[in-house]
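Hi,

Here is the structure I promised to pass on. Have a look at it first, and my notes follow underneath.

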Amino acid sequence: MGKTWTTANIPDQRGRVAVVTGANTGLGYETAKALAEHGASVVLAVRNVEKGVRAAARMTGDVTVQALDLTSLASVRTAAAALRSRLDRIDLLINNAGVMYTPKQTTADGFEMQFGTNHLGHFALTGLLLDLMLPVPGSRVVTVSSTGHRIRAAIHFDDLQWERSYSRIAAYGQSKLANLMFTYELQRRLAARGTTVAVAAHPGMSHTDLIRNTPAALRLPVNWLAPLITQTPAMGALPTLRAATDPGAHGGQYYGPGGRNEVKGHPRPVTSSPESYEVAVQQRLWAVSEDLTGVKFPVVHSQRSFPSGSPTTM
């Protein structure tokens, strides 16, 4: 597919089940809306159920709502149990929800808010739902990262929760780097089975509610420049939608806008930072994430040998 991949390129999604986190607004809303319009049964997994119901009412198709608060592992477990009771399969798990540049605060479980929400909450949710995906050929876990994974970003194993000092920008970068490392390590683990793949995406500079926590010194310039440097949530959702539905997408790929510096434009495969591909760090982060969340992923056994051109690892 060319440079102008749009929602018109989404294949028929009838018979597929998609769970989209943070789908009551912004990128998540546009992602869920497009999938529903193309026939998928979509679950909006949202913290605010009232807002979720209002969002579902604005969509066309089979759309339902599930309460999910990623800042609480208890809520993640409850939501996963509820989804397991109502669904017999999941074709697409879209890990979209997130927070950005929040003041220093912690989740219900004591994790730094951005790391806990953006990475650990989604890590736990994926682990609790993955066995509903493994039997489903073509199923995908799509996790939304950010160009912020390149900005002052590292996995600070000596202070993951930023207890000694705090930088909202660096903490956000850590969480978004973790999203990519999680995707790449998950794909490595899934590759032996060949039915489910893990893919990542980023929206470029999209004008969404996430900018509300931008540091005060940057907020006014960002608002002034927004029409020039950002794109709509509908455009920002395209990389996620392509990662989720493009028949040519492979496990371990990363999609972003195709314009200059990946700020705007139609989606294409892109490359993440060199740090994101460090296998030893990915594996260490995985082990730490299992310990922190108490969630162990199902063991994936190879069911078949798959032909050339099938999902690959990074």
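**Starting from Leu186**

I'd begin at Leu186: setting aside neighbours up to four places off in sequence, its contacts are Thr126, Leu130, Val141, Ala198, Trp286 and Phe297. Before you read too much into any of this, remember that the model is predicted.

Leu186 turns up again when you look at how the inside is put together. The largest nonpolar core contains 42 residues, and Leu186 is listed with Val19, Leu129 and Leu130 as having the most contacts inside it. Two or more residues come from each of β1 (17-21), β2 (41-46), α3 (73-86), α4 (113-129), α5 (168-190) and α9 (279-293). Apart from that core there is another one, with 31 residues, including Ala32, Leu44, Met59 and Leu241. As background, nonpolar side chains in soluble globular proteins tend to be buried together.

**The chain overall**

The chain has 314 residues, 55% of them buried. Its secondary structure comes to 9 helices and 8 strands. Counting contacts with a separation of 6 or more, 74% are between residues 24 or more positions apart. About 13000 Å² of the chain is exposed, and 54% of that comes from carbon and sulfur atoms.

**The strands**

You can walk across several of the strands by their pairings. β1 and β4 are parallel, with 3 bridges between them, and one of the pairs is Val20 with Ile94 in β4. β4 (residues 92-95) is joined in turn to β5 (residues 139-144), again parallel, by 4 bridges; here Leu93 has Val141 in β5 as its bridge partner. Then β5 and β6 run parallel with 6 bridges, among them the one between Ser139 and Thr196 in β6.

Which way do the residues of β4 point? Leu92 and Ile94 go one way, Leu93 and Asn95 go the other, and all are buried. β6 (residues 196-201) has the 6 of its 6 residues buried. Thr196, Ala198 and Ala200 point to one side of β6, while Val197, Val199 and Ala201 point to the other. That fits the usual pattern, since side chains in a regular strand alternate between the two faces of the sheet.

Val63 sits in β3 (residues 63-67). With 15% relative accessibility, Val63 counts as buried. Beyond four places in sequence, Val63 is in contact with Ala36, Val42, Leu44 and Ala56. Val63 also lies 8.7 Å from Lys33, C-alpha to C-alpha, with the two positions 30 residues apart in sequence.

**Helix α9**

I spent a while on this one. The 15 residues of α9 should span 21 Å at 1.5 Å a residue, and its end C-alpha atoms are indeed 21 Å apart. Which residues of α9 are buried? They are Gln282, Leu285, Trp286, Ser289, Glu290 and Thr293. Viewed down the helix axis, these buried residues fall within an arc of 135°, so they line one face of α9. The general reason is that an α-helix has 3.6 residues a turn, so residues three or four places apart point the same way.

What do the buried residues of α9 pack against? Their partners are α3, α4 and α5. The face turned away from the buried side carries Ala280 and Asp291, which are exposed. After α9 comes Gly294, with a positive phi near 75°.

**A few loop residues**

Ser273 is in the loop between β8 (267-269) and α9. Is Ser273 buried or exposed? Its relative accessible area is 3%, so Ser273 is buried. Leaving out residues up to four places away in sequence, Ser273 touches His149, Arg150 and Leu177.

Two other loop residues are worth a look for their backbone. Most residues other than glycine have a negative phi. Tyr101 is not a glycine, yet its phi is positive, about 55°. You'll find Tyr101 in the loop between β4 and α4, where it is buried at 11% relative accessible area. Glu262 also has a positive phi, near 60°, without being a glycine. Glu262 lies in the loop between β7 (254-257) and β8 and is buried, with a relative accessible area of 16%.

Cheers

Notes:
Residues numbered from 1 in each chain as written. Predicted model: local features only at pLDDT ≥ 70, side-chain atom pairs only at ≥ 80, totals over all residues. Heavy atoms only, no water. Buried < 20%, exposed > 50% of the residue type's maximum accessible area, 1.4 Å probe, protein only. Contact = heavy atoms within 4.5 Å. Areas by Shrake-Rupley, 256 points an atom, 1.4 Å probe, with all protein chains shown as cover. Core = buried A, V, L, I, M, F, W, Y, C linked by side-chain atoms within 4.5 Å. Expected span 1.5 Å × (residues − 1). Arc of directions from axis to C-beta. Pairing = 2+ DSSP bridges.
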